[in-house]
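Trainee: I've got a model open and I'd like to learn how to read it. Could you walk me through some features?

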Amino acid sequence: MKAKLFSIFLALMLISTLFLPKTFAEYENYTQLGLPEGAKARFGKGWINETAYSAIAYAPDGAHLAVASSVGIWIYDVETGEELDLLVGHKDVVHSVAFSPDGQTLVSGSQDKTLRLWDANTGKHIRTITGHEGWVLSVAFSPDGQTLVSGSSDKTLQLWNANTGKHIRTLKGHKNSVCSVAFSPDGETIASGSWDRTVRLWEANTGKRIHILMEHTYSVKSVAFSPDGETVISGSRDRTLRFWDADTGDLLHTLTGHADSVLSVSFSPDGKTITTGSSDRTVRLWDVNTRAVIHTLTGHTGWVNSVAFSPDGKTITTGSQDNTLRVWNANTGELLRTLTKHTSPVLSVAFSPDGRMIATGSQDKTVQLWDANTREHIRTFTGHARGVNSIAFSPDGETLVTGSSDGTVLLWELTPRSIFK
């Protein structure tokens, strides 16, 4: 049995080629984007981390979508769903992304404890910001684009000069990880949500704490301001969505309906609708005035960790632990597009004896077969009940054997009929 390989990149670093950075205009197949030096191609696009509650961001013009993943930041064309670029450089999983208000800069926060700034037109790295002592779970630009705020597992919020990367101040008070941060539309207030079950409001200019909102009974996963700045909403593991008066800190309304944790919240640009993503695998659209559910969107098979309205309010994009991105019509709830190439962690990989095929075993319980020359997906084998930790071809290439943490070993027939079924 071949030794486990915990990254598919190691198996592919067999043929040395020169990696040339690509701009959005120089689009090519996603298997060639953002490769480490010496790698020929990639299969799959990394996974969307289950704690990435702000993993999706629309560019202000609505043309591009940034998605945080385990391998970097993917940039998509919103209209076609095609991959335009992959921004790499973080040393660990990327949890959060945000565009500057003018759309010229992208900021990302990572498990490697850093923020990175990128040129949103070319994809080039501008600078790396260090200072957090824990994972950077959430990032946001101020409305004027001059300041960044980041929330971290080190229990702090940090404010940074967006132009220079210089540290401005540290906001302390949360007793646990800061999952979500947001600026008010006028830039004067910052809201933060934490695993300590509270929402906190802060003066952006001084760092002074304004209010501690303490009605949630479990961790607060996501916060957002209404477009008029008068209301803050928060989603929590207590299965509720709560409305707060941004000036007084008073609890205005509590919405229930999700069968499990509310992981992500977002206001529509006109402030009339809220969308929520939940670990109950659904997305809900709520009428702000009546607080009634307009649509319940189903189809995701894993937790819905991130939701975002397009700048024109016509579509919603959702990111899930099932490693798909889905685009929905915000008015009708119709599913418009599914992007399915994000994958769960790859636990094992093997080349066929003739070098024509690659087999990968994944934490998602599946075995995937790929054409090594074209990089096209050939077949998915299902049957294991847990992750596939080990994989090997027979010497004649006609049988595949897989071992799983479910305690079983399975044999798979690789005749042309079974492969191309």
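Mentor: Sure. Keep in mind that this is a predicted model. Let's start with aromatic pairs: the count here comes to one.

Trainee: Which residues form that aromatic pair, and how do I describe it?

Mentor: In general, you describe a pair of aromatic rings by the distance of the centres and the angle of the planes. In this model the partners are Phe381 and Trp412, with 5.2 Å from centre to centre and 50° between the planes, which is a tilted arrangement.

Trainee: Where do Phe381 and Trp412 lie in the chain?

Mentor: Phe381 belongs to strand β32 and Trp412 to strand β35 (residues 409–413), so the pair ties together parts that are 31 residues apart in sequence.

Trainee: Are Phe381 and Trp412 buried or exposed?

Mentor: Both are buried. The cut-off for that word is under 20% relative accessible area.

Trainee: Let's follow β32, then. What is the strand order in its sheet?

Mentor: The order is β29-β30-β31-β32, an open sheet of four strands with antiparallel pairing. At its edges are β29 (346–351) and β32 (377–381), each of which pairs on one side only. On average, neighbouring strands of this sheet are turned by 20° against each other, ignoring direction.

Trainee: And how many bridges join β30 to β31?

Mentor: Five, between residues 357–362 of β30 and residues 367–371 of β31, with the two strands running antiparallel. If you want one pair to click on, Ile358 has Trp370 as its bridge partner in β31.

Trainee: What about the sheet that holds β21? How are its strands ordered?

Mentor: That is an open sheet of four strands too, in the order β21-β22-β23-β24 with antiparallel pairing. β21 and β24 are the edge strands, each pairing on one side only. From one strand to the next, the twist averages 20°. Inside the sheet, β22 (residues 273–278) and β23 (residues 283–287) run antiparallel and are joined by five bridges. Thr276 finds its bridge partner in Arg284 of β23.

Trainee: Now hairpins. How many residues lie between β2 and β3?

Mentor: Four residues separate the two strands of that hairpin, and Gly72 in the turn has a positive phi of about 145°. Strand β2 (residues 64–68) pairs with β3 in the antiparallel sense over five bridges. One place to look is Ala68, which stands opposite Ile73 in β3.

Trainee: What does β3 form with β4?

Mentor: Another hairpin, this one with five residues between the strands; Gly81 in its turn has a positive phi of about 80°. Four bridges join β3 (residues 73–77) to β4, and the strands run antiparallel. Trp74 stands opposite Leu86, and Ile75 has Asp85 as its bridge partner.

Trainee: How do I think about the side chains along such strands?

Mentor: As a general idea, side chains in a regular strand alternate between the two faces of the sheet. Here you can check burial as well: four of the five residues of β3 are buried, and for β4 (residues 83–87) it is five of five.

Trainee: On to empty space. How many cavities of 30 Å³ or more does the structure hold?

Mentor: Two. The second largest holds about 60 Å³ of space. Its lining includes Tyr58, Tyr76, Asp77, Gly81 and Arg337. β3 and β28 (335–339) each supply at least two lining residues. By type, that lining divides into six nonpolar, two polar and two charged residues.

Trainee: And the largest pocket? Which residues are closest to its centre?

Mentor: Tyr58, Ala98, Phe99, Ser266 and Phe267, out of 42 lining residues. The space in this pocket is about 1200 Å³. Among the strands that each supply at least two lining residues are β1 (56–58), β5 (94–99), β21 (262–267) and β25. The lining has 29 nonpolar residues, 13 polar ones and no charged ones.

Trainee: One last spot: where is Gly299?

Mentor: Gly299 sits in the loop between β24 (293–297) and β25 (304–309). Its relative accessibility is 35%, so Gly299 counts as partly exposed. From Gly299 to Leu335 the C-alpha distance is 8.8 Å, although they are 36 residues apart in sequence.

Definitions and conventions. Residues are numbered from 1 along each chain as its sequence is written. This is a predicted model: local features need pLDDT of at least 70, side-chain atom pairs count only at pLDDT 80 or more; totals for chains, interfaces and linings use all residues. Side-chain values use heavy atoms; hydrogens and water are left out. Two strands pair if DSSP finds at least two bridges between them. Axes are lines fitted to C-alpha atoms, for helices over the stretch in contact, and angles run from 0 to 180 degrees between N-to-C directions. Buried means under 20% relative accessible area, exposed over 50%, partly exposed in between (1.4 Å probe, protein chains only). On a 1 Å grid over the protein atoms alone, a cavity is a set of points where a 1.4 Å probe fits but cannot get out, and a pocket is an open set with protein on both sides within 12 Å along at least five of seven lines; lining residues have an atom within 4 Å of a point. Grid points are joined across faces, edges and corners, and a volume is the space filled by probe spheres set on the points. Ala, Val, Leu, Ile, Met, Phe, Trp, Tyr, Cys and Pro count as nonpolar, Asp, Glu, Lys and Arg as charged, and the others, Gly among them, as polar. Rings of Phe, Tyr and Trp (its six-membered ring) pair if their centres lie within 6.5 Å; planes under 30 degrees apart count as stacked, over 60 as edge-to-face and the rest as tilted.
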